Amino acid sequence: MEDIVPIECPRCQERTAQIRDGRTPAGSQRYRCKHCHTRYTPSPKDKGYDEEVRLQALSLYLDGLSLREISRLLSVNHQSVANWINDYATHMPPNLPPSILEIAILDGFYTPPTRPRRRKISASAPTDAV
Ligand SMILES: [Zn+2]
C-alpha cells in the first residue's frame with residue numbers, strides 16, 4: 001500500500017525529488033517538491049469516495065445547493081462535502097473556474113493568501129513565473 005508512485009509537481013512538473021511532507025488534516029499524504037519547494041497533495045483521499053462523487057458534489061454546489069442537501073443527495077457526510085470543496089479551493093488548479101473560487105471565498109472555505117480589504121476578487125493567476 002505504501003508503493004512509491006511517480007508523482008508530478010503541479011508547479012514545475014518535476015517527477016524527481018518529490019518528498020513526503022506530512023499529512024493534511026484530512027489524512028492525505030502531502031508532498032513537497034525539492035525543486036521549487038511547492039507543497040501539495042497529489043491525491044486527496046476522503047474515506048473512499050471517488051473522484052466522480054466529488055465532482056458531482058462540486059457541480060451541485062455550483063448549482064447553489066447547500067452542503068447538507070448535497071450530502072443527502074449523494075449519501076455522503078456533509079463534512080466530506082465541505083472538505084472536498086475546501087480542497088479544490090485550496091489547491092486552486094490552474095483551470096479552476098472562477099465561480100468555484102468565488103463561492104468558496106464567499107462561504108468562507110477559502111481565504112486568499114493576500115487579501116486587501118477590498119471586495120474585488122481577481123480571477124487571474126499571479127504572474128510570478130520564472
Ligand atoms: Zn516543483
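Here is a short chat about how some helices pack in this predicted model.

Student: Why are helix 1 and helix 2 called oblique to each other?
Tutor: The axes of helix 1 (residues 51-62) and helix 2 (residues 67-74) cross at roughly 140 degrees. Angles over 145 count as roughly antiparallel, and 65 to 115 as roughly perpendicular. The crossing fits neither range, so the pair is oblique.

Student: And which hand does the crossing have?
Tutor: Helix 1 passes helix 2 in a right-handed crossing.

Student: What makes up the contact between helix 1 and helix 2?
Tutor: Helix 1 brings Val53, Gln56, Ala57, Leu60 and Tyr61, and they meet Ile70, Leu73 and Leu74 of helix 2. By type, that contact has seven nonpolar residues, one polar and no charged.

Student: Leucine 73 sits in helix 2. Why does leucine 73 count as partly exposed?
Tutor: Count the C-beta neighbours inside 10 Å: leucine 73 has 13. Buried takes 20 or more, and exposed means 12 or fewer. Leucine 73 falls in between, so partly exposed is the label.

Student: How far is the C-alpha of leucine 73 from that of leucine 60?
Tutor: They are 9.4 Å apart, with their positions 13 residues apart along the chain.

Student: Which residues form the largest nonpolar core?
Tutor: There are nine: Ala57, Leu58, Tyr61, Leu67, Ile70, Val81, Trp84, Ile85 and Tyr88. Helix 1, helix 2 and helix 3 (78-91) each give two or more residues to this core.

Student: Which helix gives the most to this core?
Tutor: Helix 3, with four residues.

How values were computed:
Residues numbered from 1 in each chain as written. Predicted model: local features only at pLDDT ≥ 70, side-chain atom pairs only at ≥ 80, totals over all residues. Axes fitted to C-alpha atoms, helices over the stretch in contact; angles between N-to-C directions. Parallel < 35°, antiparallel > 145°, perpendicular 65-115°, else oblique. Left-handed = near helix turned anticlockwise from the far one by under 90°. Contact = placed C-beta atoms within 7 Å. Nonpolar A, V, L, I, M, F, W, Y, C, P; charged D, E, K, R; others polar. Core = buried A, V, L, I, M, F, W, Y, C linked by C-beta atoms within 7 Å.
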